[in-house]
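Work through the exercises below with the coordinates open. Each task is followed by a solution in steps.

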Amino acid sequence: MTEKFKQSILDSIKKGGFASELKVSKCTNKRNWLTLNNYVYFDKDKKVNREIDLLCIKGSKYNRFSELELKINLTIEVKKSEKNPWVFFIGKNEPTTLEHGFFSLTSYRNINHHIFEGLFQEYPRQKIKYVATSYCEAFRDSEVSNIYKAVDSSMKATYYFHNGNLLNKRKENIPDEEFASDLFEPIDKTRASQLVIFIPLIVLDGVLIKAHLDKKLELQVEESTYIPYESYYIDDTGHEHFYAMDIISINYLNKYLLELEKWLEKVGEKIMKIRKQ
């Protein structure tokens with residue numbers, strides 16, 4: 001292989017998102033997340049198997065076989081965009097909407113309302129005063145938006161893994177009223193408390209922009225590293241779900257994971273304290 005041919009191969013690979021995926025994978029592995037590359041899920045809308053770039057799982061240090069199973073499942077879509085900055089239009093962030101957006105993406109058993117109360121109060125995005133509900137790609141005049149593709153894939157994969165989770169499978173055999181009443185019962189200390197939180201995440205290797213109207217109703221733009229996003233998803237049964245998703249730049253990933261890990265351990269500590277009461 002000549003050096004010229006070798007360089008042409010490298011240049012071709014760099015144009016796609018493969019190198020970006022490897023960077024993200026290296027970061028999650030370094031932070032001791034179980035990292036599954038190109039994990040398969042079933043797209044029920046298109047009736048085909050598809051791949052999500054990364055499925056990353058992190059368990060709490062408080063996990064004990066007979067007491068607690070607490071973990072986060074990150075469904076990550078990685079995108080590279082050199083020529084088209086991603087622009088998200090922001091408004092005021094209402095902290096309560098995050099709880100609604102993530103509650104539908106949790107699986108739990110032997111978890112009561114004392115644990116769910118304030119569960120997401122210290123979630124990293126609560127520190128951010130804005131949230132996006134719409135977007136566009138700068139300088140793109142045609143073709144389907146790559147943002148839409150990323151959001152669609154990450155969301156479908158997240159719901160697929162959530163609905164296929166063992167805790168949800170067990171729920172299928174339990175009447176809704178009985179499962180719901182579990183939230184208002186005391187913790188059964190003879191059984192482990194189980195909570196799995198599924199979070200859709202898009203990591204952008206490119207320029208991430210937040211846009212808003214100023215007091216004069218003039219559009220302003222500013223580069224960002226972390227943009228909370230909220231929207232609605234209609235599943236294959238026709239049910240509508242409100243969801244929360246995180247959009248971050250690739251350079252922010254390590255800090256994002258660190259903050260997520262800190263939050264996970266605070267949740268673990270809270271659950272263990274309630275179990276000991």
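The exercises go from the whole chain to one helix, then to loops and a helix pair.

**Conventions**

The model is predicted: local features need pLDDT of at least 70, side-chain atom pairs count only at pLDDT 80 or more, and totals for chains, interfaces and linings use all residues. Residues are numbered from 1 along each chain as its sequence is written, and side-chain values use heavy atoms, with hydrogens and water left out.

**Exercise 1. Overall description**

Task: State how many helices and strands there are in the protein, and what percentage of its residues count as buried.

Solution.
- Step 1: Take helices (H or I, at least four residues) and strands (E, at least two) as DSSP runs, numbered from the N terminus. The protein has eight helices and nine strands.
- Step 2: Apply the accessibility classes: buried is under 20% relative accessible area, exposed is over 50%, and partly exposed lies in between, with a 1.4 Å probe and protein chains only. Of the 277 residues, 48% count as buried.
- Step 3: Take a contact as heavy atoms within 4.5 Å. Among contacts with a separation of 6 or more, 75% are between residues 24 or more positions apart.

**Exercise 2. Helix H5**

Task: Compare the expected span of helix H5 with the distance between its end C-alpha atoms, then describe its start and how many of its residues are buried.

Solution.
- Step 1: The expected span is 1.5 Å times one less than the number of residues. For the 18 residues of H5 (residues 146–163) this gives 26 Å, and the end C-alpha atoms are 26 Å apart, so the two agree.
- Step 2: Use the polar contact criterion: a pair of N or O atoms within 3.5 Å, where within protein one must be able to donate a hydrogen and the other to accept it, and residues adjacent in sequence count only if both atoms are side-chain atoms. At the start of H5, a side-chain oxygen of serine 145 comes within 3.1 Å of the backbone nitrogen of isoleucine 147.
- Step 3: H5 is mostly covered, with 13 of its 18 residues buried.

**Exercise 3. Two residues inside H5**

Task: What do serine 154 and threonine 158 touch, not counting residues up to four places away in sequence?

Solution.
- Step 1: Serine 154 is in H5 and is buried at 0% relative accessibility. Threonine 158 is also in H5, and its relative accessible area is 0%, so it counts as buried.
- Step 2: The side chain of threonine 158 reaches the backbone oxygen of serine 154 at 2.6 Å.
- Step 3: With the sequence neighbours left out as stated, threonine 158 touches Thr75, Leu105, Phe198 and Pro200. Under that exclusion serine 154 touches Ile52, Thr75, Glu77, Pro200, Leu201, Ile202 and Met245.

**Exercise 4. Positive phi in loops**

Task: Are asparagine 110 and phenylalanine 139 buried or exposed, and what are their phi values?

Solution.
- Step 1: Most residues other than glycine have a negative phi.
- Step 2: Asparagine 110, in the loop between strand S4 (106–109) and helix H4 (113–116), has a positive phi of about 55 degrees. Its relative accessibility is 2%, so it is buried.
- Step 3: Phenylalanine 139, in the loop between strand S5 (130–137) and H5, has a positive phi of about 70 degrees. Its relative accessible area is 68%, so it is exposed.

**Exercise 5. Loop residues and distant partners**

Task: Give the C-alpha separation of isoleucine 111 and isoleucine 187, and that of arginine 191 and serine 66.

Solution.
- Step 1: Isoleucine 111 is in the loop between S4 and H4 and is buried at 0%. Isoleucine 187 is 76 residues from isoleucine 111 in sequence, and their C-alpha atoms are 6.7 Å apart.
- Step 2: Arginine 191 is in the loop between helix H7 (176–181) and strand S6 (193–213), and at 32% relative accessibility it is partly exposed. Its C-alpha atom is 6.4 Å from that of serine 66, 125 residues away along the chain.

**Exercise 6. Helices H2 and H8**

Task: At what angle do H2 and H8 cross, and which residues make the contact?

Solution.
- Step 1: Axes are lines fitted to C-alpha atoms, for helices over the stretch in contact, and angles run from 0 to 180 degrees between N-to-C directions. The axes of H2 (residues 18–30) and H8 (residues 253–276) come within 10 Å and cross at roughly 35 degrees.
- Step 2: Val24, Cys27 and Thr28 of H2 make the contact with Leu253, Asn254 and Leu257 of H8.
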